[in-house]
Amino acid sequence: MKVNREIRSPKVRVISSTGEQIGILPFYEAIAMAEEQGLDLVEIVSTSNPPVCKIINFGKYRYDQTKREKESKKSQHQVKVKEIKIRPNTDIHDFQTKLRHAREFLEKGNKVKITCTFRGREMMHPQMGEKLVREMCESLEEIATVEAPAKLMGKMLQTVLAPGGTKKKKDVSKQPDDTGKEKEEK
């Protein structure tokens, strides 16, 4: 951002401190006008021809700009990947606890990476780990979608779930009507 004498264009489009457009002026007239008011000539849009300059207090302008940037960063939510680790012989209660944690992470808008680690002879039966991972994915399908399918990498089976599941729609063609009989789609 160029200020005062850093501006190199011979002509500039000038906007006053109140926001009114003054017009296209030679640079030396614009800088004289800004100095007369005790303010700075700041180049706002350098890509236009001639560049757009505004007569403002540069320190206050920069302060307002940083304040706006901080506000916009506050409103943004960064998606984090939370990891849930299980083993092929994880007990039912432990599985339910980990499932509850995964549900909380997804509801907060974070992604969940489910990792099933195999040790020693557990590698002989990878279907046990696959079953647990599949159960967890199916339990969370109403609030999450599978972003990366389960993949065996070395001694770990991994999958990634993203928030925003598919709500199951009821099949309209098989709903019972007033008489208690199912309607048939024609």
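Contact here means heavy atoms within 4.5 Å. This is a predicted model, where local features need pLDDT of at least 70, side-chain atom pairs count only at pLDDT 80 or more, and totals for chains, interfaces and linings use all residues. Residues are numbered from 1 along each chain as its sequence is written, and side-chain values use heavy atoms, with hydrogens and water left out.

**View A. Helices on the 2-1-4-3 sheet.** Helix 2 (residues 58-75) lies across strand 3 and strand 4, at about 40 degrees to strand 3. Helix 1 (residues 27-37) crosses strands 1, 2, 3 and 4, and runs at about 125 degrees to strand 2. Helices (H or I, at least four residues) and strands (E, at least two) are DSSP runs, numbered from the N terminus; axes are lines fitted to C-alpha atoms, for helices over the stretch in contact, with angles from 0 to 180 degrees between N-to-C directions.

**View B. The sheet itself, open and with mixed pairing.** Strand 2 (21-26) and strand 3 (40-45) sit at the edges with a single partner strand each, so one side of each has no neighbour in the sheet. Strand 1 (residues 11-15) pairs with strand 2 in the antiparallel sense over 5 bridges (pairing takes at least two DSSP bridges). Look for Arg13, whose bridge partner in strand 2 is Ile24.

**View C. Around Ile114 in the largest nonpolar core.** This core has 20 residues: buried (under 20% relative accessible area, 1.4 Å probe, protein chains only) Ala, Val, Leu, Ile, Met, Phe, Trp, Tyr and Cys joined through side-chain atoms within 4.5 Å. Helix 3 gives the most, with 5 residues. Ile114 touches Ile84, Met136 and Leu161, among others.

Note on methods:
Buried means under 20% relative accessible area, exposed over 50%, partly exposed in between (1.4 Å probe, protein chains only). Lists of a residue's contacts leave out its neighbours within four places in sequence.
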